[in-house]
Amino acid sequence: MTVNRTLRTAHELVEAGLVDAAAAEAVSRVASRYAVAVSPAIAKVIDRSDLNDPIARQFLPDAAELTLTPEERADPIGDGAHSPVTGIVHRYPDRVLLKAVHVCPVYCRFCFRREMVGPEGLGTLTAAELDAAIAYIEGQPEIWEVILTGGDPLVLSPRRLTEIMERLSAIGHVKVVRFHTRVPVVEPERIDAALIAALKASGKATYVALHANHPRELSAEARAACARLIDAGIVMVSQSVLLRGVNDDAEVLAELMRAFVETRIKPYYLHHPDLAPGTGHFRLTIEEGQALVASLRGRVSGLCQPTYVLDIPGGHGKAVISASAIEAEGGGCYTVSDFRGNEHAYPPKS
Ligand SMILES: *Cc1c(COP(=O)(O)O)cnc(C)c1O
Ligand code: SF4
């Protein structure tokens with residue numbers, strides 16, 4: 001069944017054959033708590049015959065989302081602790097997040113900002129708030145990079161984006177602009193000449209970090225959208241979340257990273273899932289994550305290796321959490337493990 005508009009209610013999901021009528025009531029309850037949106041491109045890649053489809057699991061509401069665990073929190077990565085003005089998160093000295101908009105073309109069931117995004121979320125910055133955010137960036141000469149996130153900044157119209165980019169272009173100390181987005185995958189048709197021109201309108205080095213978690217998200221249409229961005233001179237990197245039932249499998253993860261590299265997207269971050277409310281069914285242990293990440297080494301090209309990170313709750317930033325391959329033995333001696341798990345002395349004993 002072809003879907004030609006974004007599905008937002010239990011009724012629409014049932015009609016499209018994505019949710020069983022028997023589950024409609026539970027889906028409705030979840031939808032009244034957390035925003036729901038399934039774009040046509042995503043509806044198309046969901047395998048309706050697979051009850052455990054990894055794409056469905058990311059986007060279709062699940063009654064499990066109503067189960068909260070004690071360690072979960074509304075602001076899992078502590079954005080609030082580092083927000084000097086509305087719309088800005090300034091945690092690291094040389095870069096800021098600029099959150100101009102809090103809506104997304106799809107809503108991920110594991111979203112770390114699920115309490116802030118959606119039609120009931122923090123909305124779009126007003127003209128006065130945007131002025132204050134730009135003034136903040138202007139006033140902090142150590143800010144080298146501006147990262148547009150949200151929400152998904154690529155839902156803004158090319159005209160709005162161009163306005164923001166032109167204001168950044170006037171700030172000499174800002175050298176790099178980065179966008180974090182799912183749009184090339186979930187609404188590839190949006191990546192047209194006008195949007196690309198808008199993304200580049202700052203004249204700064206422009207990066208797009210694409211969020212995708214399963215190789216099937218990189219459909220032919222999605223890959224073509226990325227090619228349009230890259231051919232226009234935009235550098236692309238990837239960002240994925242390690243999710244139980246989606247990509248917690250060595251071969252799926254390897255295929256995902258290969259799909260990025262084939263699309264000329266350099267794997268950047270693999271995030272350990274955050275402690276967002278109602279997302280316990282997606283979380284795996286750090287040991288499981290470390291084993292999966294270690295399995296990529298040797299299995300796939302060095303180009304395909306992401307950095308495994310955890311956003312430390314409370315706003316302390318990201319930490320690399322992959323297991324170390326090297327262990328100090330004292331006296332300048334180490335034991336180092338190869339990709340097969342065999343250990344070697346460094347420096348060699350003979
Ligand atoms: C994740 C994050 C960044 C970007 O970090 P990089 O390591 O540069 O990708 C910047 N600011 C905040 C507040 C973040 O949470
Ligand atoms: S696209 Fe990002 S901000 Fe939007 S729902 Fe998904 S994870 Fe959250």
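User: What makes two side chains a salt bridge here?

Analyst: A salt bridge is a side-chain nitrogen of Lys or Arg within 4 Å of a carboxyl oxygen of Asp or Glu. By that rule the count comes to 27 salt bridges. Keep in mind that this is a predicted model, where local features need pLDDT of at least 70 and side-chain atom pairs count only at pLDDT 80 or more, while totals for chains, interfaces and linings use all residues. Residues are numbered from 1 along each chain as its sequence is written, chains are lettered from A and ligands numbered from 1 in the order in which they are written, and side-chain values use heavy atoms, with hydrogens and water left out.

User: How do you know that R33 and E115 form a salt bridge?

Analyst: Their N to O distance is 3.0 Å, and the rule asks for within 4 Å, so the pair qualifies. R33 sits in the loop between α2 and α3 and E115 in the loop between β2 and α5, so the bridge ties together parts 82 residues apart in sequence.

User: Why is R33 called partly exposed?

Analyst: Buried means under 20% relative accessible area, exposed means over 50%, and partly exposed is in between (1.4 Å probe, protein chains only). R33 has 42%, so it falls in the middle class. E115, at 30%, counts as partly exposed too.

User: What about R283 and E72: buried or exposed?

Analyst: R283 is at 13% relative accessibility, so it counts as buried. E72 is at 12%, so it is buried as well. The two form a salt bridge, with their closest N and O atoms 2.9 Å apart. R283 is in the loop between β7 and α11 and E72 in the loop between α4 and β1, so this pair ties together parts 211 residues apart in sequence.

User: Why do you call α5 roughly parallel to α6?

Analyst: Their axes cross at roughly 30 degrees and come within 10 Å. Axes are lines fitted to C-alpha atoms, for helices over the stretch in contact, with angles from 0 to 180 degrees between N-to-C directions. Angles under 35 degrees count as roughly parallel, over 145 as roughly antiparallel, 65 to 115 as roughly perpendicular and the rest as oblique. So α5 is roughly parallel to α6. There's a salt bridge here as well, between D131 and R167 (2.8 Å, N to O). D131 lies in helix α5 and R167 in helix α6, so the pair links parts 36 residues apart in sequence.

User: And what makes α10 oblique to α11?

Analyst: The axes of α10 and α11 cross at roughly 55 degrees and come within 9 Å. That angle fits none of the named ranges, so α10 is oblique to α11. α10 also passes α11 in a right-handed crossing, which means the near helix is turned clockwise from the far one by less than a right angle (left-handed would be anticlockwise).

User: Why do I326, Y334 and Y346 count as a nonpolar patch?

Analyst: Patches are made of residues with over 30% relative accessible area and no salt bridge; nonpolar side chains (Val, Leu, Ile, Met, Phe, Trp, Tyr) are joined within 5 Å, like charges within 9 Å. Y334 has 33%, so it clears the area cut-off. Together I326, Y334 and Y346 offer about 310 Å² of accessible area, by the Shrake-Rupley method with a 1.4 Å probe, where for residues only the protein chains shown count as cover.

User: How do you know that Y334 is in a strand?

Analyst: Y334 is found in strand β11, residues 333-337. Helices (H or I, at least four residues) and strands (E, at least two) are DSSP runs, numbered from the N terminus.
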